[in-house]
Amino acid sequence: MAEPAAARLTIDLDAVAHNFQVLAAEAADAEAAPVVKADGYGLGAVAVARRLWAEGARSFFVARIAEGEALRAGLGRDRAATIYVLDGFSGQAGARLDAASLTPVLHSVPQIAAAAAWAAGSRRPLKVALHVDTGMNRQGLTPEEALALAQGRSGFPSLDVDLVMSHLGSGTSPDDPRNPAQLTRFMEVRPEFPDARASLAASAGAFLGKAYRFDLIRPGISLYGGGPFEQPDARLKSVATLTAPILDIRHLRPGDIVGYGSSIRLDRPARVAVVAAGYADGVIRAAKAGGYGWLDDAKRPLLVVNMDLTVIDIGDADAAIGQPVELLGRHAQLDDLAAAAGTVAHEVLVRLSRRAERSYLGEID
Ligand SMILES: *Cc1c(COP(=O)(O)O)cnc(C)c1O
């Protein structure tokens, strides 16, 4: 057999670089600051960040402190990027943030108090970002808390506020009135921090027009090939490609029941391929309803997704044992699979597992 019987995951750093340049062009005068949380959406934060540093990125966002520490170590001291940690500051965080030169994104009054106390103890100002909740109701200071802070009523001179940011709850729905409502609230807070940069947009917000871009955009998913509006976007290139070889080709008859349970009962003859990948490799089980693989230049419906095996309906495709089927990539599109599975592209990517053999295309730098 020509191909090894294993799923392969290829991560195309040239495509990441292309997508970054698309976003940077869309950002115009604003800085495009890649979000590489969750190990770069599962695709390798250090590889992605090193490549994007070479492309001109100078600020990055992670969620957890440990992600920031790993990124700092991976970038090396000569790449003096600003690394923002969305989790912010907790009691024990000061020394770790300091050691790895990480910038916490503070999102509550207790976090601000803890950061200020730590900075006062270390006798030098601490660079921080502030997250203001403008209507997503997930994380961030209320606009009133932010205004009170800015006006010094709860003044913390030990903090050097470098960035004031907020996050859109409905950016992927461009016509949702929640977007302009959040924008208006952000614009009320932003002038109170004249020395700080401002940021509102993630991938989706970056495409909502100039008003949403401020000084810095924080794209994540669109760097990794996901369309900003949860559908494939021709401007972006596919980054992650999952392929797996055909193990067997079978001819099934009307009335045959495929796989576990009896929900897939054929009402017609079918030619199916059994492919060597399953949800243990990151093929989402729920994607069988409407999801597809790509073989012989056509979409081939997923019938069954099990842990190690996926059965697809290959019709009259030209197919042979050992031949690879694309389960995610340029043709089996990320946003289509996410939609079929009732999820978002972000979840599809972070579920790609370590079992699939990984390789990178393009220069890491
Ligand atoms: C995850 C995240 C982003 C990136 O969002 P995408 O939809 O992946 O572009 C930006 N900002 C914040 C606060 C986030 O949590």
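## A tour from the largest pocket to D233

Start by selecting α11 (345–350), which gives the most to the lining of the largest pocket, with four residues. Keep in mind as you go that this is a predicted model.

Now bring up the pocket itself, with a volume of about 900 Å³. Its lining counts 42 residues, and the closest to its centre are K37, Y41, H167, A202 and H346; showing these as sticks is a good way to find the middle. Next, colour the elements that give two or more residues to the lining: α2 (37–41), α9 (203–206), α10 (334–340) and, once again, α11 (345–350). If you then colour the lining by class, you will get 21 nonpolar, 13 polar and eight charged residues.

Our second stop is helix α8, so select residues 178–189. At 1.5 Å a residue, its 12 residues should span 16 Å, and the end C-alpha atoms are 17 Å apart, which agrees. Show the side chains of N179, Q182, L183, F186 and V189, which are buried in α8. They cover an arc of only 120° around the axis, which puts them on the same side of the helix. Why might such a pattern arise? An α-helix has 3.6 residues a turn, so residues three or four places apart point the same way. To see what these buried residues pack against, add α7 (143–150), β7 (159–165) and β8 (197–199).

For the last stop, go to the loop between β9 (216–217) and β10 (240–252) and pick D233. Is D233 buried or exposed? With a relative accessible area of 15%, under the 20% cut-off, D233 is buried. Leaving aside residues up to four places away in sequence, D233 touches G227 and P228, so display those two as well.

Conventions: Residues numbered from 1 in each chain as written. Predicted model: local features only at pLDDT ≥ 70, side-chain atom pairs only at ≥ 80, totals over all residues. Heavy atoms only, no water. Expected span 1.5 Å × (residues − 1). Buried < 20%, exposed > 50% of the residue type's maximum accessible area, 1.4 Å probe, protein only. Arc of directions from axis to C-beta. Contact = heavy atoms within 4.5 Å. 1 Å grid on protein atoms, 1.4 Å probe; cavity = no way out; pocket = protein on both sides within 12 Å on 5 of 7 lines; lining within 4 Å. Points joined across faces, edges and corners; volume = space filled by probe spheres on them. Nonpolar A, V, L, I, M, F, W, Y, C, P; charged D, E, K, R; others polar.
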